[in-house]
Every structure is written in C-alpha cells, then in structure tokens.
Amino acid sequence: MTQPATALAATRSKRQAMWRGLLGRCPACNEGRVFARYLKVADQCETCGLELSGHQADDAPPYFTIFIVGHIIIPVALIVERAYQPPLFVHAGIFCVLSVIVTLISLPMVKGAVVGLQWALRMHGFSETDPVHVETRER
Ligand SMILES: [Zn+2]
C-alpha cells in the first residue's frame, strides 16, 4: 500500500491517536482494533491495513499503569481508613482485589494510548523511513 507524499507529511494528532488507542481502536482510521487479544497488539489494522507490529510499547504501559493505579488506590485507602478505620485484613482484602481489577482494566487502555502516541509521533515502526515499515508497505 503506497500513500501519496502529502498524506505521509500530514500531521497526526497526538491527542486523537491516544484517545483512539485508549478505546482500543486503530489510531489512524478509528475503525479497526488495536489488539488481537487482551494485550497482544494486532499485526495490522483489519480495516485500513496500518502496520501495528512495529510498535515498541515495551515497559511504558505497565509503568504508567502502576503510576495511575497507585494514585487511585492509595487516596481511596486513606479515605476509607480515616472514615471507617477497618481492621488491617479488611484493608488488605479490599485494596489488593481492587488494585488487581483496576490494573486489569487500565493496562490495555494505557497500552493502546502508548501505541497511538507512537503512531502519532512516527516512532519506531510507524516511521515512513523505517526499513521494516517501507518493506511491509511495498508488499
Ligand atoms: Zn486502521
């Protein structure tokens, strides 16, 4: 699939691409899905054919997820402690389970947003000059 030079030079909205990725949709067309499975990024968008396999999200999604979950769970735990002073085992039970649930929900959202940002910034496999990207585009 070849694109005209003007399309390659067009600006990509970082906010829009991250939002689409956060919702699990293709950052380019907003139609296809980013993920083939829970955290497995699809090789390419089934709608527009965007090559997604070149992303390098690596450790960024877990890092940001830990940051976000910590900033949600800790204040809630402190509020509950101040308001109700439950026993420690109740705290451990509630907030361990809550942490896992919030992490499992937010991790794919964060990963999708990171992939969207990488696409918008033309990083890694999303660069038009990347040999892998050019090679797959010429197929
Ligand atoms: Zn697409």
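Helices in this account are DSSP runs of H or I with at least four residues, numbered from the N terminus. The structure described with their help is a predicted model.

A suitable place to begin is the loop between helix 2 and helix 3, the latter spanning residues 60-84, for Tyr38 lies in this loop. Is Tyr38 buried or exposed? A residue counts as exposed if 12 or fewer other C-beta atoms lie within 10 Å of its own. Tyr38 has 9 C-beta neighbours inside 10 Å, and therefore it counts as exposed. Although 69 residues separate Tyr38 from Leu107 in sequence, their C-alpha atoms are 9.5 Å apart in space.

From this loop the description turns to the interior. In soluble globular proteins, nonpolar side chains tend to be buried together. Here, the largest nonpolar core comprises 17 residues, and Ala113, Val115, Leu117 and Trp119 are those with the most contacts inside it. At least two residues of this core come from each of helix 2 (14-22) and helix 4 (88-120). Helix 4 provides the largest share, namely seven residues.

The two helices may now be considered together. In helix 2, the buried residues are Ala17, Met18, Arg20, Gly21 and Leu22, and the buried residues of this helix pack against helix 4. Which residues does Ala113 contact, leaving aside its neighbours within four places in sequence? They are Met18, Gly21 and Leu22. Just after helix 2, Gly24 adopts a positive phi of about 80°.

Terms used. Residues numbered from 1 in each chain as written. Predicted model: local features only at pLDDT ≥ 70, side-chain atom pairs only at ≥ 80, totals over all residues. Core = buried A, V, L, I, M, F, W, Y, C linked by C-beta atoms within 7 Å. Buried ≥ 20, exposed ≤ 12 C-beta atoms within 10 Å, placed from the backbone. Contact = placed C-beta atoms within 7 Å.
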